[in-house]
Amino acid sequence: MANIEHLTHRVPKVSVDELLDGFYPSLRFGDVSFDSYRPDPQQPSQSAAVRALRGFAASVNEPEPSGFRKFFGARKAPARAGIYLDGGFGVGKTHLLASLWHASVGPKAFGTFVEYTNLVGALSFRKTVDALSGYRLVCIDEFELDDPGDTVLMSRLMRELADAGVKLAATSNTLPGSLGDGRFAAVDFQREIQVLADQFDVSRIDGEDYRHRGLPEAPQPLTETGLRDRIRSFSGGTLAEDGFAELINHLAGVHPSRYRQLLDGVDAVAWHNVQTITEQAVALRFVVLADRLYDRDVPILASGATFDKLFTDEMMHGGYMKKYYRAVSRLTALARQGSDAS
């Protein structure tokens, strides 16, 4: 018999330490390594990126000289504060970034660009700097340029962490419709973080962009009767059942930095009457939930609209299109898991 709960009844209270404890690679990248990465022999830049990151991991793990060694030891060229992986989707940037995290010792953090901006929103900028300044490595996956305010915020955060001696590693994102320019350009990244530009080594990773294959086909939604039957027969642990409209409203009252804790102990979700989201702020909050569900590999059972209709056409072709394409792809994969589950 399933344990039925409701996300709309959950209002997680999370301490600073609990928030920081969530900054680690998701289960999908929980045991990856440089050795488990398989470079495409047709793309030498992939093997070059592995070598660059292995070297960077060594610089993270090497203790800083102190005492007499600091003043009289052999001098060597200082390692740069950061490394930046530039490339399209499906070339293994997150795999490599997580491998760097696993290969590095000492206190460290791994999160997406959005998770760090949400952390600043939850703690304040100064408290976030204070909390992360004692880390040896901060990894930022999917650095985004679609919000100038957030970009300036993260640039300032990275600058202050670099000044505190923290090593930084970041990956880029790509807009699905940016043909020609293609991937997010390293020069754009460097322009946005002007003070950090000379502290970053840029490693370009070439390879096929999975977006050229288009969005995956969404499975047909369940009928309301079919959804209720699936909920009654669910036997996989804890299932969170909610009306989609009620869930959307509830998310507005929970800070996105707490969405990870919102899903604690949830083995699957069931949503009644999924509808197209028409407000940008609501859609962007839902993207964060989609990412946290995907991180935890939580299957979705749903009635109503298919997930390829979750966002308006205007959203899917606007400035945040990359976020929405990613969310649709991830939600569709989780819905397929839900439909395939017995």
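Which residues touch the most other members of the largest nonpolar core? The points below take up this core and the sheet in what is a predicted model.

1. In the largest nonpolar core, which has 39 residues, the members that touch the most others are Trp-271, Phe-286, Leu-289, Leu-293 and Phe-311. At least two residues of this core come from each of H10, helix H11 (259-262), E8, helix H12 (280-296), E9, helix H13 (313-316) and helix H14 (321-340), and H12 supplies the largest share, eight residues.

2. Separate from this core is a second one of 28 residues, whose members include Leu-19, Ala-109, Ala-170 and Phe-200.

3. Four strands make up an open sheet with parallel pairing, and their order across the sheet is E1-E7-E8-E9. Strand E1 (3-5) and strand E9 (300-304) are the edge strands, each pairing on one side only, while the twist from one strand to the next averages 20°.

4. Within this sheet, strand E7 (residues 238-243) and strand E8 (residues 268-274) run parallel and are joined by five bridges. Asp-242 stands opposite Trp-271 in E8, and Trp-271 is also one of the residues named above for touching the most other members of the largest nonpolar core.

5. Helix H10 (residues 244-251) lies across both E7 and E8, and runs at about 95° to E7. H10 and E8 are also among the elements that each supply at least two residues of the largest core, as is E9, one of the two edge strands of the sheet.

Key
Residues numbered from 1 in each chain as written. Predicted model: local features only at pLDDT ≥ 70, side-chain atom pairs only at ≥ 80, totals over all residues. Heavy atoms only, no water. Pairing = 2+ DSSP bridges. Axes fitted to C-alpha atoms, helices over the stretch in contact; angles between N-to-C directions. Contact = heavy atoms within 4.5 Å. Core = buried A, V, L, I, M, F, W, Y, C linked by side-chain atoms within 4.5 Å. Buried < 20%, exposed > 50% of the residue type's maximum accessible area, 1.4 Å probe, protein only.
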